[in-house]
Amino acid sequence: MEYKCNLIVDSCCDLPYEAIDAPGVELIEFPFILDGQEHVDDLFRSMAPKKFYDVMRDKKRESPSTAQLPMNTLIEAFVRACESGVPTVYLSFDSALSGSYDVACLACEEVLGQYPAAELYVVDTKLASIAEGLLVLGALEQREKGLSAQEMVAWIEEARYYVGSQFMVDDLEALRRGGRIPAGVALAGAKLDVKPLLSFDLEGNLTLTGMARGRKKGIRALVEHYAKHVVEEQPAKRVIVANADCPKDQGRLRGELEKLDHGIFFTESHVGPVIGSHVGPGMLAVVFWTDDRRKEKLSVADRIARRVKERE
């Protein structure tokens, strides 16, 4: 089958590799440092999740670190896309959590200077991990329906606001170390001995959505979040569940979701090493298609601006 556009995705989508292993889809692998050696996030094809997370559990070993995508890696991928002759869209990792989107925009501009007739687009997903992954799966489905590259860009820029997500972490220390949350929030969570629940705001920033006392109650909170926000009219409800080396808890989460809703089409995955470096072992996540998140999040100023625009 000939597609009207190709896709480039990055490893921060945390999907199983087989989910994206398709003609015309290229994976860009984020780098990370583990035990002083540089690796690439290849969706755990070359390293078992347990091996990675055991390093994080060992307080005597240095915590893994991450970096944004190198300019050369992006340029090489974009050159291949332009030389393919097929219009291509890159679904980029959340710009609020990484500078890689900005680097990708610069790389795209440079490559299009060499290939001015090519169609190459970079889109900010404003999402991370399997929330980004759900958007990628949706884009793959839309590509099958024959979307052009420009239509794909428009679809992604709208669909990213319909991704519902919630994830539970064991504590907030790893996020604090990575500068993703304030130190005061992490300290408060540690003192209360609770399991933080997080999601993304409209700009892709991490936001604390709740706390649960213990993992059982945390799993229950994830299920309740799904029940409250899932779009019911879907013919087949696609849900992604993922874990950071806590597969038994993922099994419990899936089981509770199945009890609630027999119409779910599941994808199960692991939280990869780049995202895992910032959330630590024990993360548990659920994502699904929801209603437009902008409806609930518009500020008063934005609502006024919208009404003014409607009158013009």
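## Exercises on a six-stranded sheet

An open sheet of six strands runs in the order S10-S9-S8-S13-S11-S12, with mixed pairing. (Strands are DSSP E runs of at least two residues, helices H or I runs of at least four, both numbered from the N terminus; two strands pair if DSSP finds at least two bridges between them.) This is a predicted model, where local features need pLDDT of at least 70, side-chain atom pairs count only at pLDDT 80 or more, and totals for chains, interfaces and linings use all residues. Residues are numbered from 1 along each chain as its sequence is written, and side-chain values use heavy atoms, leaving out hydrogens and water.

**Exercise 1.** Work out which strands stand at the edges of the sheet.

*Solution.*
- Step 1: Look for strands with a single partner strand: these are S10 (206-212) and S12.
- Step 2: One side of each is left without a neighbour in the sheet, so that's what makes them edges.
- Step 3: Check the twist too: neighbouring strands are turned by 20° against each other on average, direction ignored.

**Exercise 2.** Find out how strands S11 and S13 are joined, and which helix packs on the sheet.

*Solution.*
- Step 1: S11 (residues 237-243) and S13 (residues 284-289) run antiparallel, and five bridges join them.
- Step 2: Pick one residue: Val 241 has Val 286 in S13 as its bridge partner.
- Step 3: Now add helix H9 (residues 215-229), which packs on the sheet and touches S8 (163-168), S9 (195-200), S10, S11, S12 and S13. (Contact means heavy atoms within 4.5 Å.)
- Step 4: The direction of H9 makes about 175° with that of S8. (Axes are lines fitted to C-alpha atoms, for helices over the stretch in contact; angles run from 0 to 180 degrees between N-to-C directions.)

**Exercise 3.** Decide whether Ser 269 is buried or exposed, and list what surrounds it.

*Solution.*
- Step 1: Locate Ser 269 in strand S12 (residues 264-270).
- Step 2: Its relative accessibility is 4%, so Ser 269 counts as buried. (Buried means under 20% relative accessible area, exposed over 50%, partly exposed in between, with a 1.4 Å probe and protein chains only.)
- Step 3: Skip neighbours within four places in sequence, and Ser 269 still contacts residues including Asp 14, Ile 130 and Val 241.
- Step 4: Zoom in on Asp 14: its backbone oxygen lies 2.4 Å from a polar atom of the Ser 269 side chain.

**Exercise 4.** Put the sheet in the context of the chain.

*Solution.*
- Step 1: Count elements: the protein chain has 13 helices and 13 strands.
- Step 2: Of its 312 residues, 53% are buried.

Technical notes:
Polar contact = N/O pair within 3.5 Å; in protein donor to acceptor, adjacent residues only side chain to side chain.
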